[in-house]
Amino acid sequence: MPRWVFGAVASSLLLWYPVLLFANRIDIRQVLPHRSEYTLLLNNLENAIALDFHHSKELVFWSDVTLDRIMRANLNGSNVEEVVSTGLESPGGLAIDWIHDKLYWTDSGTSRIEVANLDGTHRKVLLWQNLEKPRAIALNPMEGTIYWTDWGNTPRIEYSNMDGSNRRIIADTHLFWPNGLTIDYAGHRMYWVDAKHHVIERADLDGRNRKAVISQGLPHPFAITVFEDSLYWTDWHTKSINSANKFTGKNQEIIRNKLHFPMDIHTLHPQRQPAAGRNRCGDNNGGCTHLCLPSSKDYTCACPTGFRKTSLDKFLLFARRMDIRRISFDTDDLSDDVIPLADVRSAVALDWDSKDDYVYWTDVSTDSISRAKWDGSNQEVHPAGLAIDWVTNKLYWTDAGTDRIEVSNTDGTMRTVLIWENLDRPRDIVVDPVGGFMYWTDWGANPKIERAGMDASNRLVIISSNLTWPNGLAIDYESQCLYWADAGMKTIEYASLDGSHRKVLIGNNLPHPFGLTLYGERIYWTDWQAKSIQSADRRTGQSRETLQDNLENLMDIHVFHRHRPPACEVNNGGCSHLCLLAPLPKGYSCTCPTGINLQSDGKTWILLFGCWGLVWFCSGVFQVSLFFFNPGKVYWSDSTLRKISRAALDGSQFEDIITTGLLTTDGLAVDAIGRKIYWTDTGTNRIEVGNLDGSMRKVLVWQNLDSPRAIALYHEMGYMYWTDWGENAKLERAGMDGSGRVVLISNNLGWPNGLAVDKAGSQLLWADAHTERIEAADLNGANRRTLLSPVQHPYGLTLLDSYIYWTDWQTRSIHRADKDTGANVILVRANLPGLMDIQAVDRARPLGFNKCGVRNGGCSHLCLPHPTGFSCACPTGIQLKRDEQTCDSSPETYLLFSSRASIRRISLDTSDHTDVHIPVPELNNVISLDYDSVDGKIYYTDVFLDVIRRADLNGSNMETVIGQGLKTTDGLAVDWVARNLYWTDTGRNTIEVARLDGSSRKVLINNSLDEPRAIAVFPKKGYLFWTDWGHIAKIERANLDGSERKILINTDLGWPNGLTLDYDTRRSVKDFPILT
């Protein structure tokens, strides 16, 4: 009987041997059993455990228990993509139904078996009851059955139909750690390994005729597969792949040893996925709208978890810090389903809006409020408690960090602070739009529950005794009662909405209740310590049930439904901005966003922008400079994201203007007159300038900078000033073009932070957090004097009229004092954690004269002021022509280099040698590159996308040259004479060539290559050179057509990486004659 197999997957060749496909934790590899030939399929993995393949679709699937993901790729290693990325905890088993195109997996963390389409869609919990630690899984799609092992307190092997029906235990004795499981389709048997009993056993598919096949020499077997007369298994202890006869257990062999950590294993061969099986779902998916799942005789139509129809009307919504989940009341399984949301780090509070099907949540790690549709779509970002006013579409939230209660529209606009006084760690909040009240809990020194009108009127403490940590709140609109959970008192209580008639509903077995919600006749709550979601009768506290347990990090909980009870509905109450509900008889009141005042009619708003100060205190946003023109914009730097951004004052028109080449941008200043932005970077030790949109960026100062920090501008005088935190702290000045640099103050400075120019008083002011002073001096550094001392930890500093304002890290406050004397110190605002910079702008003061105002000073690019006029300047690395007005289009000589996610240029024409990012889009993992000087194109390889691409030197016109059949292209070289492109592929061990547009592709060399790396060409002499990292490292040469191959060096080499040629002296960097 011939053995034919789809063995050499990369080239789809049919060979005569099966291929063993196995996971090795950090990679997935293939080995030919009878030849021990060993090839890499996928590398750089985190913790690949389970795997399977789909032969006809040429796909491999695997689970990663570190990333908690299920992934897939083509069988040649290309097109890696996530299939399941949420709701996994320990996906240890995986199996492919190659007939009905379904993916099944086990998860011992969630104690479930799930199924989905091959792309992860229409995911469904198939089995969840009486599962403890399901591990291995195997399918028999021809019979419509599924088999799995369970490691729980009662280890067992079970089977059911592939729709979850007809479940049965087929083995539950003499089992301990049943790991691997495989089905012999031809022999109608199953085989499994038990790592504790050190045995390989077999049985009929119904569990009868059980027999040990191998019971010796098995230290720790993990996974098993079968092909024809042989068994193959992996062993953790020996780190090997072994084989034996499947009937007798004899003829044991080691196929491959010294592996990293062998995990799951499969035989890649068409016999292991016979195409003869009947597709029970036929060509039209069995007529099912979603899932068609086979059974032993027919099929079953099924819906994704929680669905009985296309939409959900009732479900329990709860947060688990890293994800947000739902439990549908429409189905019986009560399985929790993760809503597919991005970047949920620490979700705490939740609420929902059935009108638009939105779910809202707070994230205390990112200090943000976000929303998305309940299916995870349309996610967008707009602190601890959160509540939705579904009548007027308002969003209310508490912030225990700033001790505030705020409100905005549900899209995040019109934000305003409602309550800020006498709050001490406010926690949960709920609203009653019908009654016009909001209620909140406070965890402070005197715990309490308060209420106020939803416009902040009529504030009243309603509960203030016998409270410790009042967490969740819920309103029973029918009985007009307020419920709360107290984690300190370990109770769930309720009272009338005015705080009277207080009663304990549940007072025992509540270790740490947190979130609370009501629906129908039931009350639901989360418990941190019990790690569960529980419910009880809302009136008696009896009939307690546990809906889900073993859930870590449980937070808030809500029930989503479409029957909430039905002032502001007509014409927004006549308000121009916010209309907020209030208790009767008033019904509603108009209010305005923070910083805007209400006009005398009580409904219309006017903006007070005569003098405006802006403070930025979000965590991670380190430096803000503010200026106004029509329309006004705010600019800020974020040293975490390494970006400089801008937006309009209402948060609209947001855009990033500098996204590359930043490390720690601690200082920022806007020249509103000359329309330039200046910044300091303590990471790169540079001072740079650019246009307001980030274009024409130029390094101004780069020498003798140690840690430049604050920066301030005086356009009319043509000066810029900056502080330096280095070993010898100082305050310096230069022209705004970088000329005429001079140190003004260099003694008795520690950490000079804030810096401001007092133009009216002709003085400099700065704050020093080390000396704890705010000082002043003349603009030339003379007449230095102390204004305030001690000041605990001043950071940002600004001027407005006759006052200085500063932020203080230690007091978490904004302070004010007279700018000339330092007297009359007052506290402007307290309790602002994370304070950073502060800026003030007087809109009434006209802008000064623009020295470059006429035709940009005649400059082609940058026009920069200095004390006696202005000078023309060019972007970094480009020289100014002899006319001293016009810039060259690009550098004459420069270095090009790749840095994985970027391609950069260093000009050799200028002395600063600053690297400039070339804005090529979609860079992921760029390894090699070359340049075609004829067409001005950069060619590069991206091993994440497995492509070769090219782009213009300015980053435009990016296009893919080679997009298929690549694995690890580590070397690339352009033949600029013959117009060809050469590359090495370490994953496929080939050297290939094509035309520069990717056409006429040809494998040039594919034999005796072990790990080809760098490559270089000498077109004039017709030579090709490359390095090889293999078992015996070497440098080789051949003709450009691959002929006359020759080893040049094979001694004293380790990992020969870079390779280049000196075309003038005809030598390589290894200094050997290249023409011999």
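# Exercises on a predicted all-strand chain

Of the 1076 residues in the chain, 58% count as buried. The model is a predicted one. The chain contains 0 helices and 97 strands. About 44,700 Å² is exposed, and carbon and sulfur atoms supply 47% of that area.

## Exercise 1: an open sheet

Task: State the strand order of the open sheet of 4 strands, and find which strands stand at its edges.

Solution.
1. The order is β36-β37-β38-β39, and the pairing is antiparallel.
2. β36 (386-389) and β39 (416-419) each have a single partner strand, so one side of each lacks a neighbour in the sheet and these two are the edges.
3. From one strand to the next, the twist averages 30°.
4. β36 is joined to β37 (residues 394-399) by 4 bridges, and the two run antiparallel.
5. Within this pair, Leu386 lies opposite Trp397 of β37.

In general, strands of a sheet pair through backbone hydrogen bonds, in either parallel or antiparallel fashion.

## Exercise 2: three salt bridges

Task: For the salt bridges Glu82 with Arg69, Glu132 with Arg156 and Glu992 with Arg1001, give the N to O distance and classify each side chain's residue as buried or partly exposed.

Solution.
1. The search of the whole structure finds 37 salt bridges.
2. Glu82 and Arg69 meet at 3.2 Å, N to O. Glu82 sits in strand β9 (residues 81-84) and Arg69 in strand β8 (residues 69-74), 13 residues apart.
3. Buried means under 20% relative accessible area and exposed means over 50%, with partly exposed in between. Glu82 has 45% relative accessibility and therefore counts as partly exposed; Arg69, at 25%, is also partly exposed.
4. The side chains of Glu132 and Arg156 meet at 4.0 Å, N to O. Glu132 belongs to the loop between β13 (124-127) and β14 (134-140) and Arg156 to strand β16 (residues 156-161), so this pair ties together parts 24 residues apart in sequence.
5. Glu132 is partly exposed because its relative accessibility is 28%, whereas Arg156 is buried because its value is 8%.
6. Glu992 and Arg1001 meet at 2.8 Å, N to O. Glu992 is buried at 2% relative accessibility, while Arg1001 is partly exposed at 33%.

Task: Which residues do salt bridges that share partners join into one network?

Solution. The network consists of Glu132, Asp150, Arg156, Glu158 and Arg167.

## Exercise 3: a surface residue and an interior one

Task: Decide whether Val934 and Tyr360 are buried or exposed, and place each in its element.

Solution.
1. Val934 is in the loop between β84 (926-932) and β85 (937-942). Its relative accessible area is 52%, so Val934 is exposed.
2. Val934, Trp976, Val977 and Tyr1063 make a nonpolar surface patch of about 380 Å².
3. Tyr360 is in strand β33 (residues 358-363). With a relative accessible area of 0%, Tyr360 is buried.
4. Tyr360 and Gln379 are separated by 19 residues in sequence and by 9.7 Å in space, C-alpha to C-alpha.

## Exercise 4: an annotated segment

Task: Which residues does UniProt list for "domain: EGF-like", and what are the helix and strand percentages over residues 851-888?

Solution.
1. The unreviewed UniProt entry lists residues 280-316, 567-619 and 851-888 under this name.
2. Over residues 851-888 the chain is 0% helix and 26% strand.
3. The end C-alpha atoms of residues 851-888 are 24 Å apart.

Terms used: Residues numbered from 1 in each chain as written. Predicted model: local features only at pLDDT ≥ 70, side-chain atom pairs only at ≥ 80, totals over all residues. Heavy atoms only, no water. Patch = residues over 30% accessible without salt bridge, like charges linked within 9 Å, V, L, I, M, F, W, Y side chains within 5 Å. Areas by Shrake-Rupley, 256 points an atom, 1.4 Å probe, with all protein chains shown as cover. Buried < 20%, exposed > 50% of the residue type's maximum accessible area, 1.4 Å probe, protein only. UniProt positions renumbered as here; feature names shortened; annotations may be inferred. Pairing = 2+ DSSP bridges. Axes fitted to C-alpha atoms, helices over the stretch in contact; angles between N-to-C directions.
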